[in-house]
Amino acid sequence: MTSSMRTFVRWFGSLLLGMMIVYLLAVAGLYAFGWFDDFGLFDEGNNSVRRTHVVDLLNEVERVQARKELGLDRRRVRTTPAPPKPLRVPRQVSGFVQ
């Protein structure tokens, strides 16, 4: 092999090795941030693709309305009893105003 051919093979091999390392680092980074969760490629025995519950997609107002419609609103409503009627003592007064 000539020196120019040997230099080309070293350069091309280094380029291929560098591209493989960059590719593997990119795949590891995407895996770490959960980009492959939707495809089910690295699913550990769990067949569910989506992990978001439907209720998590609702905002707070919609959640309260859904609780009321489903009868799941368990907030305590404190009722205050009616005040007792005052006792009327009859007065033994008679007369008129002029």
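Ring pairs tie Phe 8, Trp 11 and Phe 12 together into a cluster. Keep in mind that this is a predicted model. The chain's secondary structure amounts to 2 helices and 0 strands, and just 1% of its 98 residues count as buried. Here is a quick tour, starting with the rings.

**Aromatic rings**
- Searching the whole structure turns up 2 aromatic pairs.
- Phe 8 and Phe 12 make a stacked pair, because their ring centres sit 6.1 Å apart and their planes meet at 20°, which is under the 30 degrees that stacking calls for.
- These two Phe residues are 4 residues apart in helix α1 (residues 3–32), so about one helical turn separates Phe 8 from Phe 12.
- Neither ring is tucked away: Phe 8 is partly exposed at 47% relative accessible area, and Phe 12 is partly exposed too, at 41%.

**Helix α1**
- Helix α1 is 30 residues long and covers 43 Å from its first C-alpha to its last.
- That span is close to the 44 Å you'd expect at 1.5 Å a residue.
- After α1 comes Gly 34, which has a positive phi, near 80°.
- Phe 8, from the ring cluster, is one of the residues in this helix.

**Nonpolar surface patch**
- A nonpolar patch on the surface is built from Met 5, Phe 8, Val 9, Trp 11, Phe 12, Leu 15, Leu 16 and Met 19.
- Taken together, these side chains' residues offer about 800 Å² of accessible area.
- The members of the ring cluster, Phe 8, Trp 11 and Phe 12, turn up again in this patch.
- Phe 8 can count towards the patch because its relative accessible area is 47%, and patch residues need over 30%.

**Salt bridge**
- How many salt bridges are there? The count comes to 1.
- Arg 67 and Glu 60 are the partners, and their closest N and O atoms lie 3.9 Å apart.
- That distance makes the cut because a salt bridge needs the two atoms within 4 Å.
- Are the partners buried or partly exposed? Arg 67 is partly exposed, with 32% relative accessible area, and Glu 60 is partly exposed as well, at 48%.

**The chain's surface overall**
- The chain exposes about 10500 Å².
- Carbon and sulfur atoms supply 62% of that exposed area.
- On the burial side, the figure is 1% of the 98 residues, where buried means under 20% relative accessible area.

How values were computed: Residues are numbered from 1 along each chain as its sequence is written. This is a predicted model: local features need pLDDT of at least 70, side-chain atom pairs count only at pLDDT 80 or more; totals for chains, interfaces and linings use all residues. Side-chain values use heavy atoms; hydrogens and water are left out. Buried means under 20% relative accessible area, exposed over 50%, partly exposed in between (1.4 Å probe, protein chains only). Rings of Phe, Tyr and Trp (its six-membered ring) pair if their centres lie within 6.5 Å; planes under 30 degrees apart count as stacked, over 60 as edge-to-face and the rest as tilted. The expected span of a helix is 1.5 Å times one less than its number of residues. Patches are made of residues with over 30% relative accessible area and no salt bridge: like charges are joined within 9 Å, nonpolar side chains (Val, Leu, Ile, Met, Phe, Trp, Tyr) within 5 Å. Accessible areas come from the Shrake-Rupley method with a 1.4 Å probe; for residues, only the protein chains shown count as cover.
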